[in-house]
Amino acid sequence: MSLGKLLERIIQLVPVLLGVSLIVFVMLALTPGDPVQIMVGEQAITAEQEAELRRDLGLDRPLVERFFLFVANAVQFDFGQSYYHGRPVADVIAERLPATIELSLVALIVALATAIPLGVLAAIRKNSIFDRMATVGSLLGVSLPGFWFGILLIMLFAVHLQILPVSGRIGYASEVLTVTGFLLIDTLLAGDIAAFGEALRYLLLPAITLGLPMTAILMRVTRTSMLEVMRQDYITFAEAKGLPRRRVLYRHALKNALIPTVSVAAIETGSLLGGNMIVETVFGWPGLGRLVVESIFLRNYPLVQAAVLLYAVTYVLLNFIADILYTVLNPRVKL
Amino acid sequence: MKALPRLLMATALAATPALFPAAVAAEDLIVGFTLDADTLDPANHRKRETETIIRNLYDGLLTRDANMLVVPELAESITQISPTEYDFKIRSGVKFHDGSTLTAEDVKFTLDRITVENAMGGQTSPRQGLMGPVASVDVTAPDTVRITLKEPWPILPAMLPNQQIVSKAFVESVGNEGLATQVNGTGPFKLVEWRKGDAIIMERFDDYYGGAADIPPVDKACVDRVIFKIIPESASRVAALLAGEVHIINELPAFSISQVESNDGTQVMTVNGTRSFFIAMNMEGEHFDDVKVRQAAAMAIDKQLIIDKILGGNAAPIDGILSPDAFGASELPKVGYDPEKAKALLAEAGFPDGIDVTMDTEGAFKDTAEAIASMLTNAGIRTTVMVGEGAQLSDKWRTKGAPKSGDMYFTSWGNGSLDPFDIFTPTHKTNDRGNSAGYANPELDAILDAAAVELDVEKRRAMYRDAEMMINADQPYVYLWVPKDIYGVSKRVTGWQPSADSRINLHDACLN
Amino acid sequence: MTVLLEVTNLRTEFNARAGLVRAVDGVSLRVSRGECLGVVGESGSGKSVTFSSVMGLVRSPGRVTQGTIFFDGRNLRDLSSEEMRAIRGRDIAMTMQDALTALNPALTVGEQLAEVLEAHDETLPSSGSARRAAIRDRSVEMLGLVGIPSPDTRLRQYPHEFSGGMRQRIMIAIALACRPKLLIADEPTTALDVTIQAQVLELITDIRERLGMAVVLITHDLGVVAEHCDRVMVMYAGQVVEEGPTDQVIGQPRHPYTRGLLASIPRPALRGQPLTPISGQVPDLVGLPPQCRFHSRCPLARPECLVEVPMRDAGPGRRARCLRLEDVE
Amino acid sequence: MTDATLAPTPPADSLFRRNLREFRRNRLAMASVIVVLIFVIMAVAAPLIAPQDPNATDLFRRLQPPAWVQGGDWAYPLGCDALGRDILSRIIYGARISIFIGVAVIILATGVGILAGLAAGYFRGWVDVVIGRVVDILLGFPYLIFAIGLMAMMGPGLMNIVLALAYKEWVIPCRVVRGETLAVRELEYVEAARALGAGPRHIMWREILPNILSPVIVVSTIRMANVIILEASLSFLGLGVQPPTASWGSMVSDGRAFILEAWWVSTFPGLAILLLVLAINVASQGLRDAFDPRFSE
């Protein structure tokens, strides 16, 4: 990986981010609903007060000027003040981001940890009962509507069995110092095993709901590429060398079979991050997705703009990571 | 099949409480609450839910008791010097959470911050409007603050409970942005941690002065800690209450009442609400410009059936805009449910075959709106419900006099002060901000303007009676009901009851 | 010379969608120590499957259904898969047609060489660093043996960083790492340029002589067989049709098929020429009746040929599967 | 192998038929095709099948349980929702919405995607760059958030949902078509057509498109399953079709408030989504196996 390639990627990012900003901007401008009126709601407000509020929010300026102002400030990582929170948008997003990332990562880990072994097993025992069940299971996994499945999980584990919490992110008896914002890490840093367990219990159902479709997809990819790899001459040759079966499977076959799995996982992580407002809604998870959807409804322009930019950067970044992983796993390719 | 390993894993992890002992201390009172606070700055928010949370951390000059009566809190006494001048004597020895003492300067600073233009770092407080025509705030003696009004405004005392007092020194040190997340109030609880979007954790403030002298017990808070846990999903809130995870939940859905009641450790508590629901009929439109059509619509709706079936009986029907609890509310002529007469009225108005109309509403009220629509349809007003977004709908309907489209709008207006000024004027005065029906009645406008500044309570009451009779006859809206606020409460909670201004005051609440 | 490998009446079947395919049907063969056996046949004649069966590498849906495979005195078919694994790579090694696909692209050459030593070599020291050093020394030695320059540095490289001929040598080095008693070389030259073909074959012959191992050379190329093999075995449609000393079989074929093969090649330029198939098609291996399989293409075919034909003696050390072998010139 | 030289590809037609035969042999896939067909029939013949008027409210039947539960009534087999409407009838009518949106979005998106992908892959150069940029930008948006934003912009309505989903959906067929076009355009028969003086339009439509149709069909069916879930998700967030029209997503959404008291309200519509999407997925898996063996095992 050369520095030049990295620079090239960053330069490629520019038109994408500009395009994304422009689209968001135009979309918000075309969306009916006046932020000022929504903010004021039922309160009494004079025309002067309203004009002043509009000026405070910068909404009195022409659209084009607002756009360039936004871009100029965004370059300096200043995304303006959230209309509702009395604080910079960047702060508000930063507070919600760890919850979203934590949920997505755990979902990703759960997905990888189940999908790869199952996919490998299904490939090794191709056409066995297990393989057929795995195939049906994975099709089921991509077909389950997350919002519905989440509700069923809550009903079963939280309401009927009462073994997992209903909603939220952690119990509150244990105070955990916020260091990273990732509760699993913060609780461990604090050495508070009980709180760590709590955090895990809260995380479980949302992570399963979020990770299930991904598990299903990754399992299919792993199985297919594993079968593809197992047909290769180098596997026959490895067997002819009298290597232990474990080594043939895991060192020779899996390393190659994982190349597509990992690429797909990196790309899918993007949709995980962008698609979890449903899960956040169902499980009362205090993440970014819910905040963005609320902000769209409240016409909290600065927040929506900043969040969408963040998503776009993440998307490009994940593609980049996918490429890097691809080269790491596949020495034939030079990035 | 993936379900099995997952199930096993789920079971394994579900067993973690055995490994990690459940971390719930006995003295945490947990409130399952619908919405997170936007900010913890008492002068920089516009939302009821935010205020509910802030008022456990901050106290105001005045507050309301369980009967909604305004009583002094941080003020010791209140004296009206003239129609435009009020003196507030500040209680002595009140401590902020950081140990400093509350002074008259802090009160002046707080009120200036709200009422003076650009007083919050170049911005004007969004709560300025709630303070009416305040001209100035002055410290007239070491323990006295005088509020001077530009014009008489009798509801000042009724509005002051909505403003909480901050520490001047603290605001100057942390700045306006700092105040959004840090708290140094005089309230019964100190902020421990705000986990944004998830929970606000507070603990008892041991140097609390005890709260309003008129609301016993005057003491520090009963519970060690209070946690507002944010649970937006109503089913999840109920489930959390039933599971004992939380002790008080707000906005208990009416259909869950029986479940909470029949559960062993929980009960339902209600309090009369302050939000009036009604249907605006576009009086500039082609059908509803005719009062007969509007009356027909009112007659077509079986309010009581909806109250009984959908709202679980937890609402008071209204025939004017005011809640039965509001100042100036009175018995009004009832529009009975009579679909046949509605049809006849429609025919009289020139629509013997009925009319086709739409009714806008927000998603949250879809069910009720659909039930109403099918009742209207049965009476010849064939109604299609259109669910829109709040932002779009207020653009469409609250046009302040600009032309509007649409036929009907199922909506509501809040009246936390229970003073008609807050609800009557905006919804009925010509071209006012909440006049979604496009109602224009100069005679009514005159009465509303006069009543707003009338100091004689009885005269004022009579004026609102006249106004109610007028709108009852003109029927610009179909007045529906004022729902109760319904709370689910664990039986372990004592010393707490809901209050009509949606405040959840946990000062006196205990947990057994 | 003692017998190293003796296969008797081997049958390997595949369960295909169209029906049961007998890819190998009643093959018997014998390889002595240090000997080189050439195996010749068209694609699909069963020559590769025969030796996959010997190595126990027949994949599902295929399986060995009949026969014995005695190697070094043990019937390989009676061994557990673990015992079989221990023999593969140590006693019997195999090289494949194309080293580009046979070497794992994701692993370094060094690792692919080391792992076979790791799996089989009991003479290696057991302690960590000494073991690593020993493996490394052996790896360098093996690469040197097959003629890779500066083997030290090249161990860290990946297969794609080598030329085609180099890769082929590396594959051979891996196969020979544990000094096997038998090397099965499956079309070792098909994927290579003509000049490099010669080098690789020289290498195999050279090492065979130095290590005293037996070699089975599976090939299309009769020229290669003529030059390098002691004996030759010709396969057709899953059966052996003729076997014997190379010079005799090539000089005087007794089976019409062998004769056809040879006739299609201009004599003086035997080597390097691909086999030109005889007119007609190889029969479908599904549900073959018990009769001479070459019958449909045989110039000497007669009605009485429609019976099952056994291998028949055709001179000293020679056998052929033809009722009319006496009639073949 | 020496005989591996590529002969001009045979007409796509016979290949297509062979693939179709292959598909018919897959019993599971055929079963799911039948399930999909049942849903389609349900949608088309909804007025004939539905036992009740799906929009008729009856507050006295509010949250009436399914027929087999105490308090149920066989006239309302799956029970009633919060307004006393028959859940079965609403599911039957809801099939119209899901299927219509799924089909409409995919047709629209595939049409646009084929045009853009063919143009990008065939002309390359700046056309490819421009289309590629637009694709990159659209991919930078999270799917649901983009759709929510568009719905807020355009307002509710059936056609707006189709548009809100198609705006981004076309990117997927576009990328597939572009890749395939790049591969196919260099093949001999295309070269031959070009040598014979065929114009780009002829080559794209007559020579390239028929040969890349298989992967496009496969991808489209898979995406259709996805689109149906996305529509349900939008409805779940309250941005779906207008009431009283029944949409499965909004039925689940409406019912989740009652889940503790009346599980049937959101369980059955959720099952309907699952069943239809699963059937489409299984069928498309079969299609993929038959039509595009590169992707399958």
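**Close-up views of a predicted multi-chain model**

**View 1. Chain B splits into three assigned domains.** In this predicted model, the domain assignment of chain B gives domain 1 (3-34 + 188-270 + 485-511), domain 2 (62-167) and domain 3 (275-483). Measure from the C-alpha centre of domain 1 of chain B to that of domain 2 of chain B and you get 31 Å. The two do meet: twelve residues of domain 1 of chain B are in contact with 13 residues of domain 2 of chain B. On the domain 1 side of that meeting, the residues sort into five nonpolar, three polar and four charged.

**View 2. Chain B as a whole.** Pull back a little, and chain B shows 16 helices and 20 strands. Its C-alpha atoms fit a box of roughly 75 × 75 × 40 Å along the principal axes. How does its radius of gyration sit with that of a compact globule? A compact globule of 512 residues would come out near 24 Å, and chain B has 25 Å, so the two agree. Of those 512 residues, 55% count as buried. Look at contacts in chain B with a separation of 6 or more, and 69% of them come from residues 24 or more positions apart.

**View 3. Helix α7 of chain B, wrapped up by its surroundings.** Here we zoom in on residues 234-242 of chain B, where nine of the nine residues are buried, so the helix is largely enclosed by the rest of the structure. The buried residues of α7(B) include B:S234 at the start, B:R237 and B:V238 further along, and B:L242 at the end. Just past the helix, B:G244 takes a positive phi of about 80 degrees.

**View 4. Where chain A touches chain D.** Here 34 residues of chain A are in contact with 34 residues of chain D. Several helices of chain A each supply at least two residues to this side, among them α1 (3-30), α9 (193-230), α11 (245-274) and α14 (301-329). Which helix gives the most? That would be α1(A), with seven residues. By class, the side of chain A that touches chain D has 27 nonpolar, seven polar and no charged residues.

**View 5. Who meets whom among the chains.** Four pairs of chains are in contact, and chains A and B share the most contacts. Other pairs don't meet. No contact joins chain B and chain C, and their closest C-alpha atoms lie 24 Å apart. Chain C and chain D have no contact either, with closest C-alpha atoms 9 Å apart. For the model overall, the scores are ipTM 0.80 and pTM 0.83.

**View 6. Annotated spans in chain D.** An unreviewed UniProt entry puts the annotation "transmembrane region" on residues 28-50, 97-123 and 262-284 of chain D. In the model, residues 28-50 of chain D are 91% helix and 0% strand, and their end C-alpha atoms lie 28 Å apart. Residues 97-123 of chain D are 100% helix and 0% strand, with end C-alpha atoms 38 Å apart.

**View 7. How far to trust chain D.** The mean pLDDT of chain D is 83, and 93% of its residues reach 70 or more. Among the elements of chain D, helix α4 (residues 87-123) has the highest mean pLDDT (92), while helix α1 (residues 12-25) has the lowest (68). At the start of the chain, pLDDT stays under 50 over residues 1-11 of chain D, and the model has eight contacts beyond four places in sequence for them. Where pLDDT is low, don't read the predicted coordinates in detail.

Definitions and conventions: Residues numbered from 1 in each chain as written. Chains lettered and ligands numbered in written order. Predicted model: local features only at pLDDT ≥ 70, side-chain atom pairs only at ≥ 80, totals over all residues. Contact = placed C-beta atoms within 7 Å. Helix = DSSP H or I, 4+ residues; strand = E, 2+ residues; numbered from the N terminus. Nonpolar A, V, L, I, M, F, W, Y, C, P; charged D, E, K, R; others polar. Rg over C-alpha atoms; globule rule 2.2 N^0.38 Å. Buried ≥ 20, exposed ≤ 12 C-beta atoms within 10 Å, placed from the backbone. UniProt positions renumbered as here; feature names shortened; annotations may be inferred. Domains from an automatic or database assignment. pLDDT = per-residue confidence, 0-100.
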